[in-house]
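This report covers strands, helix packing, an aromatic pair and a pocket. Please keep the structure in view while reading.

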Amino acid sequence: MLKITGVSRRFGDVTALSDVSLEIRQGEFFALLGPSGCGKTTLLRILAGFESPDEGTVTLDGEDLLARPAHRRPVNLMFQSYALFPHMSVAKNVAYGLERERLDRSEVRRRVGEVLEKVGLDAMASRRPQQLSGGQRQRVALARAIVKRPRLLLLDEPLSALDKKVRAEMQLELKRLQDEVGITFVVVTHDQEEAMSLADRIAVFDTGRVEQVDAPVELYERPRTPFVAGFVGANNLFAGRACSVGLAADGLGILPGRSTLPDGTPALLAVRPERLRLGADGVLRGEVVDVSFYGGVSHVSVLVAGRPAPVLAAVQGATRVQAGSPVALGWADEDGVLIPQ
């Protein structure tokens, strides 16, 4: 539905976007994930019509989106601050865009009623924004954005202003709502959990470039660049050279992994903490330096000779391993992912 081809944007000497190309499907929940300053919000502003790219094209259903002014695009942007009118009721806030289009009053009332029922705020239609909780204000902003039935809804860090418990509830609410209304959502976030729980596919950005586009599970299990391996979730990274059975790591020997890289290619081996086995046998030996219990999971840090940083293992439940204990670390071949350096 949305095709972004070779989009670049520079601000003086700073390159915010560099040759970005993406395709977003109809009805998809698509996330732009990356650290602050990586260019994801600049791309969102280009789609909304608040910025123009220096190079590249953007088409929506095959038509040039960049040729249309912001107010003529079938696109709505939900701001991080929600930007609600404090002097208007919930219903008036939601109706504002429809009234600006001079729609019939009965049509405006019907559509506002429908959308407030969808977001669970029909009983609060007469309240003002200051009488609502953070989660409720977020729902008003969402209702105002979807009532105009845009082809594309852009969300800029939509849950960052909410506390952790409300954020978790609103993640479920956002996904449910998106499934129900069938609008294509594009969300900008630096929160990995948020992106992984909401999105059908995720584009990971770094310094204005797209590093990888994939479904959440594939992105987590099979990172294709060192940045993605280090940014998405916790990872143990070992440097060395690819070989037929994994990675030849300096000072550590041969570490198991699967790869299609030619032998001798400089590479990183990535192993997720939850894939590591602690026991008497393994490919690495070391000493436990720290054990942290997080309710359902214990994090065990193991210092291995020949590696400056500890190796992190995640164990289900409480563990009997204590700091100072010698342990061996192992993992299955398929759990070691080789990434070209």
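## The four-stranded sheet

The model is predicted. One of its sheets is open and has four strands, ordered β2-β1-β4-β5. The pairing is antiparallel. Its edges are β2 (14–24) and β5 (63–64). Each of these two edge strands pairs on one side only.

β4 covers residues 55–60. Two bridges connect β4 with β5, and the two strands run antiparallel. One partnership can be named here: L60 is bridged to E63 of β5.

## A helix across the sheet

Helix α1 spans residues 40–48. It lies across three strands: β1 (2–11), β2 and β4. The helix runs at about 115° to β1.

## The five-stranded sheet

Another open sheet is built from five strands. Their order is β13-β12-β11-β14-β20, again with antiparallel pairing. β13 (253–256) and β20 each have a single partner strand, so each has one side without a neighbour in the sheet. From one strand to the next, the twist averages 45°.

As a general point, strands of a sheet pair through backbone hydrogen bonds, either parallel or antiparallel. The pairings below can be followed strand by strand.

## Pairings around β11 and β12

β11 takes in residues 236–243. Its pairing with β14 (residues 266–271) is antiparallel and runs over six bridges. Within that pairing, L237 has A270 of β14 as its bridge partner.

β11 also pairs with β12, antiparallel, through four bridges. R241 is bridged to A248 in β12. These two strands make a hairpin, with two residues between them.

β12 (residues 246–249) pairs in turn with β13. The sense is antiparallel, over four bridges. G246 has P256 of β13 as its bridge partner. A249 is matched with G253 of β13. β12 and β13 also form a hairpin, here with three residues between the strands. What is the phi of G251, in the turn? It is positive, at about 80°.

## Aromatic pairs

How many aromatic pairs does a search of the whole structure find? The search finds four. One of them joins F238 and W331. Their rings are stacked, 5.9 Å centre to centre, with 15° between the planes. F238 sits in β11, while W331 sits in the loop between β19 (326–330) and β20 (337–340), so the pair ties together parts 93 residues apart in sequence.

## The largest pocket

The largest pocket holds about 830 Å³ of space. Its lining comprises 26 residues. Those nearest the pocket centre are H71, V75, N76, G97 and K148.

Which elements each supply at least two residues of the lining? They are β6 (75–78), α2 (90–100) and α4 (134–146). By residue type, the lining divides into 16 nonpolar, three polar and seven charged residues.

## In brief

Two open sheets have been described, one with four strands and one with five. In the five-stranded sheet, β11 pairs with β14 over six bridges and with β12 over four. β11 also carries F238, which stacks on W331. The largest pocket draws on β6, α2 and α4, each with at least two lining residues.

Methods
Residues numbered from 1 in each chain as written. Predicted model: local features only at pLDDT ≥ 70, side-chain atom pairs only at ≥ 80, totals over all residues. Heavy atoms only, no water. 1 Å grid on protein atoms, 1.4 Å probe; cavity = no way out; pocket = protein on both sides within 12 Å on 5 of 7 lines; lining within 4 Å. Points joined across faces, edges and corners; volume = space filled by probe spheres on them. Nonpolar A, V, L, I, M, F, W, Y, C, P; charged D, E, K, R; others polar. Pairing = 2+ DSSP bridges. Contact = heavy atoms within 4.5 Å. Axes fitted to C-alpha atoms, helices over the stretch in contact; angles between N-to-C directions. Phe/Tyr/Trp six-rings, centres within 6.5 Å; stacked < 30°, edge-to-face > 60°.
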